[in-house]
Amino acid sequence: MAEWTHAEIRTLIDERRTRNDEFHNLGRNRERFWGTIASKINQENGISFSGHQCKEKFSNLVWDYNVSYHYI
């Protein structure tokens, strides 16, 4: 399992938020979208996350937020 730093997570969230319209207009195949986000994170941080890892991390962040939101 990959360890994510705060900076990497911040870039992931910022990229996904900034490109929200693009994400929703892609339809079901968003593999390239997540790959470009991975490329940006990797370039900025000198690491090698895949698009799949970025997609999974973002999904887990959303799930964690929703769970904590409903129990507060």
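Me: Where does UniProt place the feature "domain: Myb/SANT-like DNA-binding"?

Reply: The UniProt record, an unreviewed entry, puts that feature at residues 3-66. Keep in mind that the structure here is a predicted model. Over residues 3-66 the chain is 78% helix and 0% strand, and the end C-alpha atoms sit 22 Å apart.

Me: What pattern does the chain follow along the sequence?

Reply: It reads α-α-α-α, with four helices and zero strands. The C-alpha atoms fill a box of roughly 35 × 30 × 20 Å along the principal axes.

Me: Why is W4 called buried?

Reply: Its relative accessibility is 15%. The cut-off for buried is under 20%, so W4 counts as buried. W4 is found in the segment before α1.

Me: OK, and which residues is W4 in contact with, leaving aside its neighbours within four places in sequence?

Reply: I9, L12, I41, F49, Q53, C54 and K57. I9 touches W4 as well as K57 and L61, with residues up to four places away again not counted.

Me: What makes the largest nonpolar core a core, and which residues are in it?

Reply: A core takes buried residues of the nonpolar kinds listed for it, joined through side-chain atoms within 4.5 Å. Here that gives 12 residues: W4, I9, L12, F23, F33, W34, I37, A38, I41, F49, C54 and F58. The elements that give two or more residues to this core are α1 (6-18), α3 (31-45) and α4 (51-70). The largest share, five residues, comes from α3.

Me: How far apart are the C-alpha atoms of W4 and F33?

Reply: They are separated by 19 Å, with their positions 29 residues apart along the chain. Both W4 and F33 belong to the core.

Me: How do you know that α1 is roughly perpendicular to α4?

Reply: α1 and α4 pack at an angle of about 85°, with their axes 11 Å apart. Roughly perpendicular covers 65 to 115 degrees, and 85° falls in that range, so α1 is roughly perpendicular to α4.

Me: Which residues meet there?

Reply: From α1 you get I9, L12, I13 and R16; from α4, C54, K57, F58 and L61. The residues of this contact divide into six nonpolar, no polar and two charged.

Me: Why are α3 and α4 called roughly perpendicular?

Reply: Run the check again. Their packing angle is about 95°, and their axes are 7 Å apart. The range for roughly perpendicular is 65 to 115 degrees, so α3 and α4 earn that label.

Me: Which residues of α3 and α4 make the contact?

Reply: W34, G35, A38 and I41 of α3 make it with G51, C54, K55 and F58 of α4. The split is five nonpolar, two polar and one charged. What makes two of them polar? Gly is counted among the polar residues, so G35 and G51 land in that group.

Me: Why does T11 count as buried?

Reply: T11 has 11% relative accessibility. Buried means under 20%, so T11 makes the cut. T11 is found in helix α1 and touches K40, I41 and E44, not counting residues up to four places away in sequence.

Me: How do you know that N42 is buried?

Reply: N42 has a relative accessible area of 16%. With the limit at under 20%, N42 is therefore buried. N42 is found in helix α3. Leaving aside neighbours within four places in sequence, N42 is in contact with I47, S48 and F49.

Me: And E44, why is that one called partly exposed?

Reply: E44 comes out at 47% relative accessibility. Buried needs under 20% and exposed needs over 50%; 47% is in between, so E44 counts as partly exposed. E44 lies in helix α3. E44 and E8 are 36 residues apart in sequence and 8.5 Å apart in space, C-alpha to C-alpha.

Me: What share of the chain's residues count as buried?

Reply: Of the 72 residues, 26%. As for contacts with a separation of 6 or more, residues 24 or more positions apart account for 48%.

Terms used
Residues are numbered from 1 along each chain as its sequence is written. This is a predicted model: local features need pLDDT of at least 70, side-chain atom pairs count only at pLDDT 80 or more; totals for chains, interfaces and linings use all residues. Side-chain values use heavy atoms; hydrogens and water are left out. Buried means under 20% relative accessible area, exposed over 50%, partly exposed in between (1.4 Å probe, protein chains only). Contact means heavy atoms within 4.5 Å. UniProt positions are given in the numbering used here, feature names are shortened, and annotations may be inferred rather than shown by experiment. Axes are lines fitted to C-alpha atoms, for helices over the stretch in contact, and angles run from 0 to 180 degrees between N-to-C directions. Angles under 35 degrees count as roughly parallel, over 145 as roughly antiparallel, 65 to 115 as roughly perpendicular and the rest as oblique.
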